[in-house]
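Let's take a walk through a protein model together. Keep the picture open while you read, and look for each residue as it comes up.

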Amino acid sequence: MKDFIALTKPGLVMMVVLTTCVGFYLGSIGPFDWLLLIHTLIGTSLSAGGSLALNQFIERDRDAMMHRTQKRPLPSGRLQPRQALWFGVGITIFGMAYLALLVNVLSCLVTISITTSYLFLYTPLKQRTTLSTVFGAIPGALPPVTGWAAARNEIGLESGVLFTIMFLWQLPHALALAWMYRDDYARAGFQLLPIVDPDGRVTSTQILINCLALTAVSLTPTIIGLTGMLYFFVALGAGLGFLGFAVHLTITRTSASARKLFFASLLFLLVQFVTMAIDKV
């Protein structure tokens, strides 16, 4: 049972749940529907966990080449590929059907978009092009949209802003992680930017540009009336702080700086979304 749970990458599922929850709360109008939120999170968790399990099934041979992933259930032989395949397919489909039947069809369609872009776009492109990180940011940015769609049964400007914030956040977050483990990723044959950019000049510049854009776009919720001024100033401060880590990485171009940026990205996202929920208009 522990190995099947490990296939779902609980840490990533938790991040999906939290961002979906914020999207649902921001999209809610009138009395808060706790039961609908619970149904949304159950369906989302199952679909996300299943998609992550299928990703491990697809990349099991490459995971066996990397020190960071060699002890996962499939490379270590604790589970057989067929078990992971049926488990992943089963809970993914069940999660989507759960959303369609107990939440709404729109939230199910967004979730289908997440799964298909993650498994059939991002996953294969990791082996072929450095642009895979850009494509991978799409499924990573959609969970708040799922929450919004579940609450309102529509997708509008506000959910687009949430998507854009998450999209821009994904890029420095993912590039910092790839920088930290670039030797491992290179060993497995992944074509990520930090691997083909040995001195880190292009990678750090890309991170800096995205952090600049993220700082500006993160102020948009107040501008469109989704949040109040408290969020505006907190977002500005958090954005400038995050940008400071990006500047430091650009100057030093070290793994230690990339690690600091990675953890700063997690704190930035937490501060942003918690404040957004607190200061909802």
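## A buried glutamate and its partner

E59 is buried, with a relative accessible area of just 3%. Keep in mind that we're looking at a predicted model here. Where do you find E59? Look in the loop between α3 (34-58) and α4 (60-63). If you skip its neighbours within four places in sequence, E59 is in contact with T123, K126 and F190.

One of those contacts deserves a second look. Side chains of opposite charge can pair when their charged atoms come close. E59 and K126 form a salt bridge, with their closest N and O atoms 3.1 Å apart. This pair links distant parts of the chain: E59 sits in the loop between α3 and α4, while K126 sits in the loop between α6 (105-125) and α7, 67 residues away. Is K126 buried or exposed? K126 counts as buried because its relative accessible area is 7%, which is under the 20% cut-off.

## Other salt bridges

How many salt bridges does a search of the whole structure find? The total is six, and here are three of them, including the one you've just met.

| Pair | Closest N to O distance |
|---|---|
| R78 and D3 | 2.8 Å |
| E59 and K126 | 3.1 Å |
| R187 and D184 | 2.4 Å |

The R78 and D3 pair also links distant parts of the chain. R78 is in the loop between α4 and α5 (81-102), D3 is in helix α1 (residues 2-7), and 75 residues separate them. R78 is partly exposed, at 41% relative accessible area.

The R187 and D184 pair is a local affair: both lie in helix α10 (residues 182-187), three residues apart, or about one turn of the helix. Their surroundings aren't alike, though. R187 is partly exposed, with a relative accessible area of 40%, whereas D184 counts as buried at 7%.

## The nonpolar cores

Now for the inside. The largest nonpolar core has 39 residues, and the ones touching the most other members are L26, W169, I207, L214, F242, L261 and M276. Which elements give two or more residues to this core? They are α2 (10-27), α7 (132-141), α9 (157-180), α12 (201-217), α14 (229-252) and α15 (255-278). The most comes from α9, which gives 12 residues. There's another core lying apart from this one, with 18 residues, and V13, L36, L52 and L99 are among them.

Try zooming in on L261 in the largest core. Leaving out neighbours within four places in sequence, L261 is in contact with P172, A176, I207, F242, F245, A246 and L249.

## Nonpolar residues at the surface

Not every nonpolar side chain is tucked away. L230, L267, L270, V274 and I278 make a nonpolar surface patch of about 490 Å². Helix α15 gives the most to the patch, with four residues. L230 is in helix α14, and this residue is partly exposed because its relative accessible area is 47%, which falls between the 20% and 50% cut-offs.

Finally, have a look at I38, in helix α3. At 45% relative accessibility, I38 is partly exposed too. I38 and V103 are 65 residues apart in sequence, yet their C-alpha atoms are 9.6 Å apart in space.

Definitions and conventions. Residues numbered from 1 in each chain as written. Predicted model: local features only at pLDDT ≥ 70, side-chain atom pairs only at ≥ 80, totals over all residues. Heavy atoms only, no water. Buried < 20%, exposed > 50% of the residue type's maximum accessible area, 1.4 Å probe, protein only. Contact = heavy atoms within 4.5 Å. Core = buried A, V, L, I, M, F, W, Y, C linked by side-chain atoms within 4.5 Å. Patch = residues over 30% accessible without salt bridge, like charges linked within 9 Å, V, L, I, M, F, W, Y side chains within 5 Å. Areas by Shrake-Rupley, 256 points an atom, 1.4 Å probe, with all protein chains shown as cover. Salt bridge = Lys/Arg side-chain N within 4 Å of Asp/Glu carboxyl O.
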